[in-house]
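Let's take a friendly walk through a structure with more than one thing to look at. Keep the picture open while you read, and find each part as it comes up.

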Amino acid sequence: MIFCLFNLPLSEASESTGDLSSDLKQMSLEELMEIEVSKVYAASKYEQKITEAPSSVTIITSDEIKKYGYRTLADILRSVRGFYVTNDRNYSYVGVRGFARASDYNARVLVLIDGHRVNDNIYYSASIGQDFVLDVDLINRVEIVRGPGSSLYGTNAFFAVINILTKQGSELRGPEVSGEAGSFNTYKGRISYGYEVGNNANMLLSGSILDSKGQNLFFKEYDSPATHNGSARNCDYERNYSLFSKLSYQGFVLEGAYVSRTKGIPTGAFGTGFNDPRNRTIDQRGYIDLSYDRSLGQQSSVQARIYYDNYYYRGNYTYEQDPKTINKDIGDGDWLGGELKLLSTVFEGHKLIFGTEYQYNLRQDQKNYDENPFSLYLNDKRDSTVWALYFQDEFQILKNLVFHAGVRYDHYETFGATINPRLALIYSPWSKTTIKFVYGEAFRTPNVYELYYQDESVFKSNPNLKPEKIKTSEIILEQSIGKGLFISVSGFYYKIKDLISQHADPADGSLIFENVENIHAKGIELEINKKWESELEGRVSYSFQNTQNEQTGERLTNSPKHVAKLNMIFPFIKEKLFLGVEEQYMSKRKTLANREADAFFITNMTLYSQKLLKGMEISGSVYNLFGETHGDPVGAEFRQDIIEQDGRSFRIKLTYKF
Amino acid sequence: MGLNSGVKTRIYTKSVAFSLWICSILMGVMVVMAIRPSDAYAQESKRGEYEVKAAFLYNFVKFVEWPDDKNTHADRTINICILGEDRFGNAFDFIKDETIGNRSLAIKRFKTLQHIENCHVLFISRSEKEDIEHILGTVKGLNILTVGDTEGFANKGVIINFYIEKNRVRFEINVDSLKRSGLSISSKVMHLARIIQG
């Protein structure tokens, strides 16, 4: 049906464009000025420059994704100022501003694809590894907006909003195939097709598949004859396939995405049988999103969106103790919703946004049972609704002074209402200097996993959890100097109240989520970006953050004091051959067991070529070039306190555009 | 049983609430659209924004005089360059067969500023917004007609900048940038433009 809808107007448009241009060229300027046009990029009026945004923003483009050899969203985020990524050999977790709670499944960062919320409705997980719903090759750009975003986006926009914009069919124009091979028997293939008719009809279809055998790993914590002397063989495998489609016509965009990822668990997490390849998780997510963007006269536009999402999780955990069994852990989420947003500049000096959102969680079900002998531990079925209203005004007080004020009201069926404001003052004393003062509040509601997950032995539910809150103040200074040099310095202070965190109940040792921690942190970030005329470009950043748990006075776990990055692209042959070099440093981090994960310094290198042969792109990458040994602190479900990360690894990639 | 039907009722009331929300939103949208019925009807005969802009660019070339026109290589091709994201699609397809005087026209697409010195017209796409100062610094003194369609570009020093007014394409000209560029534009064009100084 979708095909019928889109085929008709497409063919009509292609016939008419030829005629139109030929008569247009005959026209005089006066005649041209009388022609009414349909605007394609209606929202572009509201596209902002980095310096105009009421936050500190980083943008990573598809060009950088190619030239630095990024394989996943996690790779992209690792290169971003102040961000870091922790991996437990199953999931990847992003850390922001010194906060990275092990096993929080990225619930405190909101991830959007073309404005569509990705975080699921059971764990609020926004996966960033191979379980991410989009192949990174399809990314046009990633916008990383630091600081609380709840005043526009509601829950999860706690530390940052990561907005991913996908490519247009017009960027591909025809079929494209890509294949890659890497260390640990990793192979990936992608086939895409892009199509464009005239200015306003666009189509992109793509499918990807990945298979990785993974490594044979050694864990000293399991170094005994009973547990295969600590060696986990064939347990680190990963498979993934994903599909993406985007059809746009006039102001309509219909987007569909799906991913299925299977990952073996080599670590013996949750006390499961060590060296047993049957231990694995499957995560699948998919969505259909229809949005419509239309200008209403010169000064207003309306954006509407309806969507349906599905999330599916299956965990397979083997237990060798009595009874010897396979435990199945299940999460099933379905939700649908809509959003309507009105943008207007009707009032002189004001840019207004007014919006409403509704989400209906049809299913937020969790189940846990032993297969044989059958024993049911959890069968929790939930559904819920949330609706919200939001408003933002960008008020141009003076030519060089803008005041942003935004507020959002969210109403949860389960918790009631929460109101979150953001205020920002943006001042440009000189044309190349911008100073921003930002204050914002954000919240995150407890998810159904934290509220209701329980089994009869280890996990206890806590239906009385409240939302956690954060208040953040920031000062950001942005300065352009001469040609292509951009410097950003910022300082932040945040305070988290009622953080939802897992604790052992002193009464019986069971694990329970509670609103007990209060946290505050302060930090400084510095970044210098430079683009030279010769295509040479680079960025260097340093961030310092000091986090503290108010009860204990101690620094948080997995919270490095210093994070530094250097990224450079060297052009070897103009427009054709580039070397991308990345350096990443992170200082030591405290672990759950009060030990320390060592500081480390990693170098990645990618040699990328395009246009050497027509339509061909070839790249070769080395990750962790010097084979630096380093490990990440992990959650309480692991016997290990620190899990070692990959040593030196390689990838070659070939993309051909027909 | 009892529990089950309870759940069903809850789901039912939520579906009703959701449908009501959707309906009220849709009605809101329809009301808003009804206020401007002319727009909806006019849709059919509308031209693509970038087709019209392409026609404008073609026209500008006719009315601009480059200093090297007086030179010997006056029969050289006139290069219209697009820097950054190309939103013109195939709107420029007609230009292959066109000539102005005895000069043929060519469209060139650029991602970077390399080899930009051969351009006569440089259309700077919205995608280059962050980089505009650098771009203008590079083209300085190169006798290139810079054109944009981004709010504020003319104030930054782009010579001709398109904007939209009442769904029609308009343009502004920064006369000081024009002076600095060494180009001259026919007064016919100047009369139609909104003039910007600085």
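A useful term to begin with is pLDDT, the predictor's confidence in each residue, given from 0 to 100. You will need it here, as this is a predicted model.

Start with chain A. Its mean pLDDT is 89, and 94% of its residues reach 70 or more. Where in chain A is confidence lowest, and where is it highest? The lowest mean, 38, belongs to helix H1 (residues 2–24) of chain A, while helix H4 (residues 73–78) of chain A has the highest, at 97.

Two stretches of chain A deserve a careful eye. In each of them pLDDT stays under 50, as the table shows.

| Stretch of chain A | pLDDT | Contacts beyond four places in sequence |
|---|---|---|
| residues 1–21 | under 50 | 21 contacts |
| residues 39–46 | under 50 | 17 contacts |

Now look for three strands of chain A: E15 (residues 252–264), E16 (residues 280–296) and E17 (residues 300–319). E15(A) and E16(A) pair in the antiparallel sense, with 13 bridges between them. To find this pairing on screen, look for A:Leu254, which stands opposite A:Leu290 in E16(A). E16(A) also pairs with E17(A), again in the antiparallel sense, over 17 bridges. Here A:Ser291 stands opposite A:Arg305 in E17(A).

Finally, turn to chain B. How many helices and strands does chain B have? There are 7 helices and 11 strands. Chain B has 198 residues, and 33% of them count as buried. Among the contacts in chain B with a separation of 6 or more, 60% join residues 24 or more positions apart.

How values were computed: Residues numbered from 1 in each chain as written. Chains lettered and ligands numbered in written order. Predicted model: local features only at pLDDT ≥ 70, side-chain atom pairs only at ≥ 80, totals over all residues. Helix = DSSP H or I, 4+ residues; strand = E, 2+ residues; numbered from the N terminus. Buried ≥ 20, exposed ≤ 12 C-beta atoms within 10 Å, placed from the backbone. Contact = placed C-beta atoms within 7 Å. Pairing = 2+ DSSP bridges.
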